[in-house]
Amino acid sequence: MRLKRRLTPFVDPLPIPGVLKPISRKPRFTFYVVRMMETFQKLHRDLPPTRIWGYEGKYPGPTIEVWRNEPVRVLWLNQLPKRHFLPVDQTIHGARGNPEVRTVVHAHGVVSPPDSDGHPDAWFTRGFRETGPFFQRRIYRYPNTQRAATLWYHDHALGITRLNIYAGLAGFYLIRDGEELSLNLPRGKFEIPLLIQDRSFNRDGSLFYPRRPQPASPGLPDPSIVPEFFGDTILVNGKVWPFLSVEPRKYRFRLLNGSNSRFYTLRLSSGQPFIQIGTDGGLMARPVRVQSLTLGPAERADVILDFSNFKGKTITMTNSAPAPYPDGDPVNPRTTGLVMQFRVNRPLSSRDTSSIPRRLSALPPTPLSRVRRVRNLSLVESNDRFGRLLLLLENRRWSDPITTRPRLGSFELWQLINTTPDTHPIHIHEVHFRILNRQPFDVNHFNRTGKLRFTGAPVPPSPDERGLKDTVRANPGQVTRIIPHFGLTSFTGEFVWHCHILEHEDWEMMRPYRIVRG
Ligand code: C2O
Ligand code: CU
Ligand code: CU
């Protein structure tokens with residue numbers, strides 16, 4: 001039975017995920033073990049403990065913290081139950097014939113060799129034998145040669161990612177480096193990661209995820225999975241609408257939208273700005289002050305909030321991004337309009353000596369002049385042979401042969417041509433990129449002729465997007481131009497790019513691509 005009553009907001013303190021302890025630190029690599037386990041966790045004061053799946057039995061998983069150039073190996077171990085507790089649709093690619101729960105871990109934004117990237121087909125199960133269970137595992141290598149950044153790890157198994165992440169399989173992965181350290185940003189207990197997600201609950205406290213919808217009207221084919229999921233409750237770090245007691249000083253928050261489908265436009269009730277210092281791929285060139293921040297699924301923003309003038313005040317972080325409920329309700333600002341609360345009610349424990357430098361970092365150059373290849377990559381809504389809605393990239397399905405083969409070391413210009421009515425957060429594995437601009441075009445003309453006819457001038461990215469990105473919002477009716485660099489630290493081999501709305505990713509809006517020798 002679905003829980004219809006709204007839970008009381010701001011009654012639970014914000015949990016802060018612990019940092020994962022290594023098993024060993026050898027000169028050649030630091031070694032971690034991460035088990036995926038089922039447990040029950042209290043997500044709100046008034047809810048009975050909720051069944052979740054967590055890395056090391058925690059939702060969110062423990063934070064993996066490494067230094068730049070510190071090679072890491074992680075043994076990922078599947079100790080989950082054999083069957084999913086959420087409604088699995090066995091018709092989705094790959095699911096048939098293997099009823100066991102499939103998992104594979106992708107470190108999002110971490111540049112990894114192809115055999116450690118968590119390719120959606122590289123899933124493994126818990127694996128039962130007659131003689132009893134044995135646990136399936138993978139050892140992944142992460143060289144961490146890239147610059148400091150807020151990254152994350154999460155499940156990526158083909159056709160079931162939306163359910164595995166919804167069950168709780170996500171955590172932070174932070175790379176630190178000397179450049180960042182020298183900046184004297186708020187750190188220690190004044191640096192806090194915030195994983196924002198939406199969930200719905202049943203009355204017994206269990207997670208609610210919709211079964212696939214009935215056909216819209218008799219005679220129409222089944223829609224295959226729910227095309228998007230929007231929960232009615234917002235959780236931060238695994239707690240429903242939590243609060244955080246803070247001192248009147250500067251804090252650094254690493255914001256991550258880890259939701260299945262929901263976008264957030266965040267604001268602070270105090271009217272104070274977010275002082276943004278980083279994007280998906282690390283520090284920006286200089287801080288930008290923004291009144292609101294929009295994050296699509298998988299996007300991150302590294303921000304500083306200065307509470308020093310707000311002693312005794314309570315500040316609410318709100319969300320105003322519209323999203324429909326699966327049952328068609330309009331956005332309800334009483335529920336999904338709230339995110340969390342900051343209570344400036346702690347005495348200063350020490351003088352705030354942190355600073356917000358005018359210059360943060362030198363971004364790697366993205367010279368348009370060095371772009372060797374322009375790719376037109378369309379985002380398309382289409383129908384399968386049963387008439388069911390399909391969302392496609394490059395007008396191809398997941399299983400179609402690879403057509404995108406960038407050369408190692410090269411710069412490319414990708415034109416994401418969105419012919420659908422929705423914004424899709426497009427993520428490319430293995431690389432970071434800069435957003436060049438977005439330009440409106442005539443969708444009908446493009447659908448008829450395959451040619452681009454622009455209906456307006458190109459618009460540069462907004463200030464909060466002017467850094468290195470690995471996920472970009474591709475708006476409807478626009479060409480989004482990005483410049484990925486398949487170089488520096490990347491590897492050759494097969495990777496994927498996809499929409500990070502998890503329901504879309506699970507339903508064909510994902511394509512393999514291959515980085516080839518330069
Ligand atoms: Cu965060 Cu391929 O995903
Ligand atoms: Cu990724
Ligand atoms: Cu999408």
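**Figure 1. A five-stranded open sheet in the predicted model.** In this predicted model, an open sheet is built from five strands that follow the order β28-β27-β29-β33-β31, with mixed pairing. Look for β28 (389-393) and β31 (433-440) at the edges, where each of them pairs on one side only. Neighbouring strands here are turned by 15° against each other on average, direction ignored.

**Figure 2. Strands β27 and β29 side by side.** This view stays with the five-stranded sheet and picks out β27 (residues 371-383) and β29 (residues 410-418). The two run parallel, and eight bridges join them. To find your place, start from Arg373 and look across to Glu412 in β29, which is its bridge partner. Strands of a sheet pair through backbone hydrogen bonds, and they may do so in a parallel or an antiparallel way.

**Figure 3. A four-stranded open sheet and its edges.** Here the strand order is β4-β13-β12-β7, and the pairing is mixed. The edge positions belong to β4 (61-67) and β7 (105-108); each has a single partner strand, so one side of each is left without a neighbour in the sheet. From one strand to the next, the twist averages 20°. A closer look at β4 shows five bridges to strand β13 (residues 170-176), and these two strands run parallel. One landmark is Val66, whose bridge partner in β13 is Ile175.

**Figure 4. Strand β20 and two of its partners.** Strand β20 (residues 264-268) is joined by three bridges to strand β23 (residues 293-295), and the two run antiparallel. On that side, Tyr264 has Leu295 of β23 as its bridge partner. Three bridges also join β20 to strand β25 (residues 314-319), again in an antiparallel arrangement. For this pair, a handy marker is Leu266, which is bridged to Asn319 in β25.

**Figure 5. Where domain 1 touches domain 2.** The domain assignment divides the protein into domain 1 (24-181), domain 2 (188-343) and domain 3 (368-515). In this view, 30 residues of domain 1 are in contact with 30 residues of domain 2. On the domain 1 side, the elements giving two or more residues are β3 (50-55), β12 (149-155), α1 (161-166) and β13. Helix α1 provides the largest share of that side, with four residues. Sorted by class, the domain 1 side has 17 nonpolar, eight polar and five charged residues.

**Figure 6. Spans listed as plastocyanin-like.** An unreviewed UniProt entry lists residues 49-84, 103-178, 232-312 and 395-514 under "domain: Plastocyanin-like". Two of these spans are picked out here. Residues 49-84 are 56% strand and 0% helix, and their end C-alpha atoms lie 18 Å apart. For residues 232-312, the strand content is 58% and the helix content 0%, with 30 Å between the end C-alpha atoms.

**Figure 7. How confident is the prediction, and where should you take care?** The protein averages a pLDDT of 92, and 92% of the residues score at least 70. Take care at residues 326-331, where the pLDDT is below 50; beyond near neighbours in sequence, this stretch has nine contacts in the model. Where pLDDT is low, the predicted coordinates should not be read in detail. For the complex, the predictor gives an ipTM of 0.99 and a pTM of 0.95.

Notes. Residues are numbered from 1 along each chain as its sequence is written. Chains are lettered from A and ligands numbered from 1 in the order in which they are written. This is a predicted model: local features need pLDDT of at least 70, side-chain atom pairs count only at pLDDT 80 or more; totals for chains, interfaces and linings use all residues. Two strands pair if DSSP finds at least two bridges between them. Axes are lines fitted to C-alpha atoms, for helices over the stretch in contact, and angles run from 0 to 180 degrees between N-to-C directions. pLDDT is the predictor's confidence in each residue, from 0 to 100. Two residues are in contact if their C-beta atoms, placed from the backbone, lie within 7 Å. UniProt positions are given in the numbering used here, feature names are shortened, and annotations may be inferred rather than shown by experiment. Domain bounds come from an automatic or database domain assignment. Ala, Val, Leu, Ile, Met, Phe, Trp, Tyr, Cys and Pro count as nonpolar, Asp, Glu, Lys and Arg as charged, and the others, Gly among them, as polar.
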